[in-house]
Amino acid sequence: MESTSHRFKENAREGMANPSLQRAMENMRRGFPDKRLAAIGRLPEFDALRDRARDIKNHVLEHLDFYLEAWEAKVTAAGGHVHWCRDAEEARRTVLAICRRLEARTVTKGKSMIAEEIALNPFLEANGIEPIETDLGEYIIQIRNEPPSHIIAPAIHLTQDDIEKSFRASHRQLDPGRPLSEPHQLLDEARSLLRDKFIAADVGITGANFLIAETGSSVIVTNEGNGDLTQTLTKAHIVVTSLEKVVPTLEDAQTILRVLARSATGQDYSVYTTVSTGPRRPEDLDGPGEYHVVLLDNGRSRMLGTEFHDMLRCIRCGACMNHCPVYATVGGHAYGWVYPGPMGAVLTPSLIGVDEAGHLPNASTFCGKCESVCPMRIPLPRMMRHWREREFERHLSPAASRYGLGLWAFLAKRPRLYRLVNGLMARVLGLLGREHGGFRHLPLAGGWTGGRDMPAPEGEGFHQAWARKRRERTRAA
Amino acid sequence: MSARDDILGSVRRSLRRDRLSDEAQAALQRRIRAHERNIVPQRGSGSGAEIAARFIDEAKSVAVTVQPVASDAEVPDAIVRYLAQHNLPARVAMAPSAALEQIPWASRPTLEVRRGAARPDDQVSVTPAFAGIAETGTLMLTSGAETPTTLNLLPYDHVVVMRTSQIVGSYEDAWDLLRQSRSRADGLIDMPRTVNFITGPSRTGDIEQKILMGAHGPRRLHIVLIEDA
């Protein structure tokens, strides 16, 4: 999809001014974190499982070439096909070629972030093939012609009223007077319309949560069952996925699955965990006639061994965004590309460049909540700092903040001068701000005070306060 | 250069090494073949009676209904009662499985049983399960000539007929069972095309995070549990 990440500030402002989005975000803030805590409370081994899950992925990344080759050999032995794709363009063309060969007119899709990353839908449409999203959230945003705003809850930015309006606008073949004010009426309408699409579709596309080297299987996790109908009722099952998804064994996948749903939705386990291996067997009564895996790199292999290596452990649970104060304030669309929230702030610059997405790693309060809830223990704040450093090195940050930092560095290298200036500033600002307790505007810091107030110092700097406390303590002793 | 070579080359360049030595690869192959368990939580273990009770509790907590029966002979009655209770027609699509053929369906001649894969208009399916997993009240179902996957997904009501002796503690226990029953000459597992782990009926939270049942898969999931252990 076309990125608007460079417009993050404008996007964020629009999000904050959108009352419907703010209502939807309030729902999220109250929902996911509580459910996650309850689920973890039921599993005393949760933290030990996180450590193990992290170690498994670290082991895989160290030996990624081996595990990919081992996995590929098993896919082939089971009668499937692996298509290696360097970038989005290769991946889109590979999917199209399979659809063309099968003379596909419609494809049903289970939720896949990789399909979003390679912008598959517009490409298929431009080539005369109709893609139909079947996850309810993805279906809703497809008929609204919007990108997902969350990696596991794509329509989380919408209220029930928004969805009703979209259904009425899109499903014009149905009675305009039909009742749609209850959530289950919306669901039933989508279910019955999509049911016909499942049956009619020629090709089914899903993502993958895991690829298993031991068996050549792909694993998907859903709650609706749409990904299963997608792959079972069509002539061919195409898995669109990326290379860091491979794990050695079924047991390794199970360990990570134990932390996935609990971190994501707060369920102990998702409703459907489906392990797919090759096409249907000759004796099977149903299932797809062909099985293809479109394996995307798109810059990931180059992240190995860099300061962003750990990001490749991500299992896309969404816990970081569910707990992020910035995400909950601006909404997922503000991030401007496929991956929002803290994981997006780290991954997006890696995939589309820091020139385009440099704002994202800056959109953080560094509260550290994302790292503390990450089931794979990914040091997200540290990696956001790395992006800020790179941005600074490449002179992408604004001139004012560069001069400011330069001035600060000049003073910081001269401790006596630093203390003098710091003490003077604290005293002057403390006096000026005494009346209101803070400043709405500060000269030279308009960007900073534009979104918050600067609290007034209490009349002394850190060094003075430290010296005074020590004096007091000595006196007391 | 092929995309495959390019990508593998890029992986190795980033890891600052060549292709792994034969010994290193053999060691990793051994890790795969050993498929050792990692951490199995306490809730996935216990005596037979404990894990059976936990399986039932966990399944109920995700909106599964469970009907224990004492023998095969009671199964047709239990299913007819379930259908009547939900105002469903006395007609089911059933997996053509040996485990289900043992059941004396003829004892309830009013129950119409069609054997085969699911059709779009089927309202109720009856299938066996490969195993039940106590840890999270999860069913494990495998595809095959006797067990089409569509029966697990298309109908509104999915009725599973299984035995308490099929209940295991953890996912790893369930995989071990499958490895034993489908082990190939080379010692590796002969995977079915599809293994479904199903934990409750289909649901969605995509409308304001409100949980609604029956998103695409079954709206209700009912287990008739034959007590044989």
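Domain bounds on this tour come from an automatic or database domain assignment. With that in mind, colour chain A by its two pieces: domain 1 covers 5–301 and domain 2 covers 400–476.

Before you click further, a word on the ground rules. This is a predicted model, where local features need pLDDT of at least 70 and side-chain atom pairs count only at pLDDT 80 or more, while totals for chains, interfaces and linings use all residues. Residues are numbered from 1 along each chain as its sequence is written, chains are lettered from A and ligands numbered from 1 in the order in which they are written, and side-chain values use heavy atoms, with hydrogens and water left out.

**Stop 1: all of chain A**

Select chain A and zoom out. Its C-alpha trace spans about 90 × 60 × 45 Å along the principal axes. Put a marker at the C-alpha centre of each domain, and you'll find 50 Å between domain 1 of chain A and domain 2 of chain A.

Switch to cartoon and you get 23 helices and 12 strands in chain A. Here helices (H or I, at least four residues) and strands (E, at least two) are DSSP runs, numbered from the N terminus.

Of the 477 residues in chain A, 59% are buried. Buried means under 20% relative accessible area, exposed over 50%, and partly exposed in between, using a 1.4 Å probe and protein chains only.

Show the surface next: chain A has about 19,900 Å² of accessible surface, with 55% of it on carbon and sulfur atoms. Those areas come from the Shrake-Rupley method with a 1.4 Å probe, and for residues only the protein chains shown count as cover.

**Stop 2: helix α9 of chain A**

Select residues 160–170 of chain A, which make up helix α9. Show side chains for A:Gln160, A:Asp162, A:Ile163, A:Glu164, A:Ser166 and A:Phe167, the buried residues of this helix. A reminder about helices: an α-helix has 3.6 residues a turn, so residues three or four places apart point the same way.

What do the buried residues of α9(A) pack against? Add α2 (19–41), α8 (136–143) and α10 (183–200) of chain A to your selection, and you have their packing partners. Contact, here and below, means heavy atoms within 4.5 Å.

**Stop 3: two positive phi angles**

Jump to A:Asn298, in the loop between β10 (290–296) and α13 (300–303) of chain A. Check its backbone: phi is positive, about 55°, although A:Asn298 is not a glycine. A:Asn298 is also buried, with a relative accessible area of 16%.

Now follow the chain to A:Arg316, in the loop between α13 and α14 of chain A. Phi of A:Arg316 is near 60°, again a positive value in a residue other than glycine. Is A:Arg316 buried or exposed? Buried, at 11% relative accessible area.

**Stop 4: A:Ala319**

A short hop takes you to A:Ala319, in helix α14 (residues 319–322) of chain A. A:Ala319 counts as buried because its relative accessibility is 1%. Leaving out neighbours within four places in sequence, A:Ala319 is in contact with A:Ser263 and A:Val373. For a distance check, measure C-alpha to C-alpha from A:Ala319 to A:Thr230: they sit 27 Å apart in space and 89 residues apart in sequence.

**Stop 5: all of chain B**

Hide chain A and select chain B. The cartoon shows six helices and 12 strands, and the C-alpha atoms fill a box of roughly 70 × 40 × 40 Å along the principal axes. Of its 229 residues, 55% count as buried.

Colour domain 1 (3–34) and domain 2 (45–226) of chain B separately. Their C-alpha centres lie 41 Å apart.

Then pick B:Thr142 in strand β6 (residues 138–142) of chain B. B:Thr142 is buried, at 16% relative accessible area. Beyond residues up to four places away in sequence, B:Thr142 touches several others, including B:Phe130, B:Leu178 and B:Pro192.

**Stop 6: where the chains meet**

Bring chain A back. How many residues of chain B are in contact with chain A? Select them and you'll have 83, facing 100 residues of chain A. The two chains bury about 7,600 Å² between them, 56% of it on carbon and sulfur atoms. Buried area is the accessible area (1.4 Å probe) that two parts lose on being put together, summed over both.

Finish with B:Arg193, B:Gln209 and B:His216 as sticks: they supply 13% of the area that chain B buries against chain A, more than any other three residues.
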